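Colleague: I'm new to this one, so could you walk me through it and tell me how each label is earned?
Modeller: Gladly; let's look at it together.

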Amino acid sequence: MTHPLGNPPSKIIAVHLNYSSRARERGRVPAQPSYFLKPPSSLAGTQEAIVRPEGCELLSFEGEIALVIGSRAQRVAPEDGWRHVRWVTAANDAGVYDLRYADRGSNLRSKGADGFTPIGPRLLDARQLDPAALRLRTWVNGELVQDDTTDTLLFPFGRLIADLSRLVTLEPGDVILTGTPAGASVVTPGDLVEVEVSDGQLSTGRLRNPVAAGPELEPFGSMPKADLAERQAAYGPAGPLLDPALEASLKSVAVATLSAQLRARGLPHMSIDGVRPLDAANPVMVGVAHTLRYLPLREDLFKRYGTGLNAQKRAIEELRPGHVLVMDARRDPTAGTMGDILALRAMKRGAAGVVTDGAVRDSAALANLEMPVFAAGAHPSVLGRRHVPWDTGLPVACGGALVQPRDLIVGDADGVVVVPPDLAGELIADCQEQERQERFITERVAAGESVDGLYPLGPAWRDAYETWCKGETQ
């Protein structure tokens with residue numbers, strides 16, 4: 001394979017998360033950069049095919065800016081890091097999510113296959129570039145799907161080099177892949193991925209790589225497999241947030257039952273306390289948490305954080321079908337956290353519901369929406385009376401419950417509970433059994449039986465219950 005570096009580097013280091021847009025898309029913002037290695041044998045050049053092995057379905061592209069080290073860097077300061085960069089070029093950090101499970105954390109096989117790191121086509125002289133003024137764009141089949149600039153980086157290039165060089169000596173020719181912005185997703189054989197880096201005058205040109213089908217992997221080790229979580233991660237915003245069967249199952253059980261089963265597993269604090277549905281006729285809600293945090297009003301900060309496309313409006317625009325917007329308003333019901341226009345926009349974005357432990361404005365209009373809204377109350381004031389919209393996509397406290405992005409949120413007339421995604425399957429099975437028992441118990445109580453030994457179901461009633469179950473399934 002040919003690429004513009006000529007000799008292979010001693011190492012290729014890739015950053016996990018580095019663009020603000022990607023962090024919002026992923027629902028987490030790292031405090032420090034983290035990395036993984038790609039083998040030099042994964043390098044490829046422009047026009048070379050990215051081959052998806054037979055049996056894999058989740059081949060992803062990630063347009064990135066690649067830095068090529070020009071001079072040895074060992075324990076350098078952040079302000080000196082850029083001086084060690086000789087070249088800048090475009091890269092595609094390709095990978096197959098179907099194999100992430102096999103080397104969890106290292107990405108060796110999922111990201112390290114031959115040809116999974118195309119770079120090029122031209123190298124730009126780093127001395128002629130402002131590292132904070134570069135633009136990265138990616139196209140799939142001619143459609144622009146990624147477009148971001150380096151002034152939005154969480155960790156500037158100099159800091160990455162300084163951080164790595166504390167422990168790892170960077171040698172001339174080494175390549176650093178600096179992260180991908182929002183918009184990375186899945187491609188299939190026949191697609192064409194193009195990546196370009198420019199500063200408005202200089203350009204790498206477009207790195208063009210077709211996607212091709214490859215042979216099946218020999219069965220000597222881990223084989224490709226994909227589940228909903230990997231599909232969600234691979235597809236990004238285009239992918240499903242919640243499996244339809246799981247959604248239907250969660251809608252079929254009561255929040256009270258879920259709460260009881262969570263408590264039985266040592267999780268008694270999963271209810272979002274103090275919130276009620278605005279529309280008692282439309283209270284059932286199931287979705288995936290997207291979070292928004294308000295902080296107490298500070299007049300000197302409100303202009304900076306509370307106006308324009310603030311965190312509240314960004315959270316609305318980040319919603320995807322199936323999201324539940326969960327707002328942490330510190331249980332303060334003395335100002336609105338959302339009104340009718342933004343609620344309507346959330347519904348148009350496909351939101352499955354809204355939850356706030358503060359108040360809402362325009363409560364009558366919100367109650368008439370075809371979207372469940374749960375709130376601690378109603379108040380005519382705008383949010384600026386009490387709140388500053390601060391950030392989105394981070395863990396929040398809502399009604400006394402800790403809610404993480406991607407938690408499952410379930411609501412009905414009794415209130416709202418938070419369901420950890422990894423517990424959902426077993427919870428549903430146990431909830432269905434609990435509710436089956438309660439249907440039997442209800443019938444017996446209605447027939448005049450005492451609750452003693454019946455509720456909860458005791459040994460004396462077990463045979464009668466088993467017989468009743470057989471009749472219910474016929």
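Modeller: Let's begin with a term: two strands pair if DSSP finds at least two bridges between them. Strands (E, at least two residues) and helices (H or I, at least four) are DSSP runs, numbered from the N terminus. Please keep in mind that this is a predicted model, where local features need pLDDT of at least 70 and side-chain atom pairs count only at pLDDT 80 or more, while totals for chains, interfaces and linings use all residues. Residues are numbered from 1 along each chain as its sequence is written, and side-chain values use heavy atoms, with hydrogens and water left out.

Colleague: What makes β1 and β12 a pair?
Modeller: Strand β12 (residues 175-177) and β1 are joined over three bridges, in the parallel sense. The definition asks for at least two bridges, so three are enough to call them paired. Within β12, Ile176 stands opposite Ile13.

Colleague: How do you know that β1 pairs with β2?
Modeller: Four bridges join β1 to strand β2 (residues 35-38), and these two run antiparallel. Four also meets the requirement of at least two. Here Ile13 has Leu37 of β2 as its bridge partner.

Colleague: Why are both faces of β1 called covered?
Modeller: In β1 (residues 12-15), Ile12 and Ala14 on one side and Ile13 and Val15 on the other are all buried. Buried means under 20% relative accessible area, exposed means over 50%, and partly exposed is in between (1.4 Å probe, protein chains only).

Colleague: Why is Gln201 called exposed?
Modeller: Its relative accessibility is 75%, and the label needs over 50%, so Gln201 counts as exposed. Gln201 lies in the loop between β14 and β15 (207-216).

Colleague: What makes the contact of Glu196 and Arg137 a salt bridge?
Modeller: A salt bridge is a side-chain nitrogen of Lys or Arg within 4 Å of a carboxyl oxygen of Asp or Glu. For Glu196 and Arg137 the N to O distance is 3.0 Å, so the pair qualifies. Glu196 lies in strand β14 (residues 192-198) and Arg137 in strand β10 (residues 135-140), so the bridge ties together parts that are 59 residues apart in sequence. Glu196 is buried, with a relative accessible area of 12%.

Colleague: How do you know that Lys251 and Glu247 form a salt bridge too?
Modeller: Their side chains meet at 3.3 Å, N to O, and that satisfies the limit of within 4 Å. Lys251 and Glu247 are four residues apart in helix α6 (residues 244-251), so about one helical turn separates them. Lys251 is partly exposed at 44%, and Glu247 is partly exposed at 25%.

Colleague: What makes Glu426 and Arg265 a salt bridge, and which parts do they tie together?
Modeller: Their closest N and O atoms are 2.9 Å apart, which fits the definition. Glu426 lies in helix α12 (residues 424-446) and Arg265 in the loop between α7 (255-264) and β16 (271-272), so the pair ties together parts that are 161 residues apart in sequence. A search of the whole structure finds 28 salt bridges. Elsewhere, salt bridges link Arg22, Glu25, Lys38, Glu62, Asp93 and Lys111 in a network.

Colleague: Why is the pair of Tyr465 and Trp468 called stacked?
Modeller: Rings of Phe, Tyr and Trp (its six-membered ring) pair if their centres lie within 6.5 Å; planes under 30 degrees apart count as stacked, over 60 as edge-to-face and the rest as tilted. The centres of Tyr465 and Trp468 are 6.0 Å apart and the planes meet at 25°, so the pair is stacked. Both residues lie in helix α13 (residues 462-473), three residues apart. Tyr465 is buried at 2%, and Trp468 is buried at 17%. Ring pairs link these two with Phe440 and Trp461 into a cluster.

Colleague: How do you know that Asn310 is buried?
Modeller: Its relative accessibility is 5%, and buried means under 20%, so the label holds. Asn310 is found in the loop between α8 (299-306) and α9 (311-318). Asn310 touches Tyr305 and Pro389 (contact means heavy atoms within 4.5 Å), not counting residues up to four places away in sequence.
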